[in-house]
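Hi,

Here is the structure I promised to hand over. Have a look at it first, and then read my notes below.

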Amino acid sequence: MEVEPLRITGSSPVLGRDAAGAEVIYVGTTDATLVAVGCATGAVRWKRSLGSPGVISSIVSSPTVADDGGILVVSTADLGGGRLQSWLHKVDRQGHHRWSQLFPDGGFTTGAPRAFTFAGQPLVLVRMLAGIRAPCVPRCW
Amino acid sequence: MPGQWIVVFQSSQDLVLLSVFPLPPGVGRWNLILDPTPAMSTDRINPLIATADNLCQLAVLEWDGAKLSVLWQAVSLRPDHSSPAVLSANLVSSVAETERFWPTTGRRGQNVAV
């Protein structure tokens, strides 16, 4: 099967299942599109654009699959001048966009989210940074 | 394709080219070092969360269902870390850019091996 290659950098594919239980691979692209690929056929099931209008956005980290089968993924926009801004998105396993959450305080990350359930409550964990990256001061630990 | 890596997906019928690496010049952030992904352990009363960043920091936190508490945090000699992992007995590990392995106790941040 010949398909147009996706543009992927650091977004490792993750495995999930569709509503029928079939395996699906999810991966993010450099133009901030979340892509679902069926394992049985290799065919693209759906694509969901998660970019921000007017800015260059990308998905550089891996998605994560929540307990309900939905996909959580971070997109990051380059605002210029060294400023980045990230959003956390949830897309259901049919590819429908559920919600997007702007990181507070101009926060950003190029890392992946981690979904988990605690006391019956679905939660998402993301490590974010705020401000412009600055060199660190090494200290012993 | 000498000098390039390809990412392939093996379906039941064919090999499907998903992506080409490296990407063409000007496409994507080919030299990006990703931020580490947090790790967690839910095999305890309150989940244990290990975080690292590319600004020298490593921390372990606890989630009680309402707030995060910092159990310990440390600054390493090297800025870039891998994603941490929470091992058994609440050991936390991360790899710094020296490729040295830094397992530490999740509770006190003591190095148990270097």
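One term before the rest: a strand here is a DSSP run of E with at least two residues, and strands are numbered from the N terminus. With that, A:Ala32 can be placed in the loop between β2 and β3 of chain A. Please also keep in mind that this is a predicted model.

Chain A in outline

The secondary structure of chain A consists of eleven strands and zero helices. If you walk along the sequence, you meet β-β-β-β-β-β-β-β-β-β-β. Chain A has 141 residues, and 35% of them count as buried. Among the contacts in chain A with a separation of 6 or more, 39% are between residues 24 or more positions apart.

How far can you trust it? The mean pLDDT of chain A is 86, with 89% of its residues at 70 or more. Over residues 134–141 of chain A, though, the pLDDT is below 50, and that stretch has ten contacts in the model beyond near neighbours in sequence.

The sheet in chain A

Four strands of chain A make up an open, antiparallel sheet, in the order β1-β2-β3-β4. Why do β1 (14–17) and β4 (44–49) of chain A each have one side without a neighbour in the sheet? They stand at the edges, and each has a single partner strand, so there is nothing in the sheet on the other side. From one strand to the next, the twist averages 25°.

Going through the pairs, β2 (residues 23–28) and β3 (residues 33–38) of chain A run antiparallel and are joined by five bridges. Within that pair, A:Tyr26 is opposite A:Ala36 in β3(A), and A:Gly28 has A:Leu34 as its bridge partner. β3(A) and β4(A) also pair in the antiparallel sense, over five bridges. A:Ala36 turns up again here, with A:Trp46 in β4(A) as its bridge partner. A general point to have in mind when you look at side chains: in a regular strand they alternate between the two faces of the sheet.

Both of these pairs are hairpins. β2(A) and β3(A) have four residues between them, while β3(A) and β4(A) have five residues between them, including A:Gly42 in the turn with a positive phi of about 80°.

Residues I would click on

Start with A:Gly28, which sits in strand β2 of chain A. Is A:Gly28 buried or exposed? It has 30 C-beta neighbours inside 10 Å, so it counts as buried. Leaving out residues up to four places away in sequence, A:Gly28 touches A:Ser11, A:Leu34, A:Ile59, A:Pro63 and A:Val73. Its C-alpha atom is 8.9 Å from that of A:Leu6, and the two residues are 22 residues apart along the chain.

Next come two alanines with an unusual backbone angle. As background, most residues other than glycine have a negative phi. A:Ala32, in the turn of the β2(A)–β3(A) hairpin, is not a glycine, yet its phi is positive, near 60°. A:Ala32 counts as buried because it has 24 C-beta neighbours inside 10 Å.

The other is A:Ala119, with a positive phi of about 55°, although this residue is not a glycine either. You will find A:Ala119 in the loop between β10 (114–118) and β11 (121–125) of chain A. A:Ala119 has 10 C-beta neighbours inside 10 Å, so it counts as exposed.

And in chain B

Chain B has an open sheet with antiparallel pairing as well, built from four strands in the order β3-β4-β5-β6. Its edges are β3 (39–41) and β6 (68–75) of chain B; each has a single partner strand, so one side of each lacks a neighbour in the sheet. The twist here averages 15° from one strand to the next.

How many bridges hold β5 (residues 57–63) of chain B and β6(B) together? There are seven, and the two strands pair in the antiparallel sense. B:Gln57, for one, has B:Val75 in β6(B) as its bridge partner.

That's what I have so far. Shout if anything is unclear.

Cheers

Terms used:
Residues numbered from 1 in each chain as written. Chains lettered and ligands numbered in written order. Pairing = 2+ DSSP bridges. Axes fitted to C-alpha atoms, helices over the stretch in contact; angles between N-to-C directions. Buried ≥ 20, exposed ≤ 12 C-beta atoms within 10 Å, placed from the backbone. Contact = placed C-beta atoms within 7 Å. pLDDT = per-residue confidence, 0-100.
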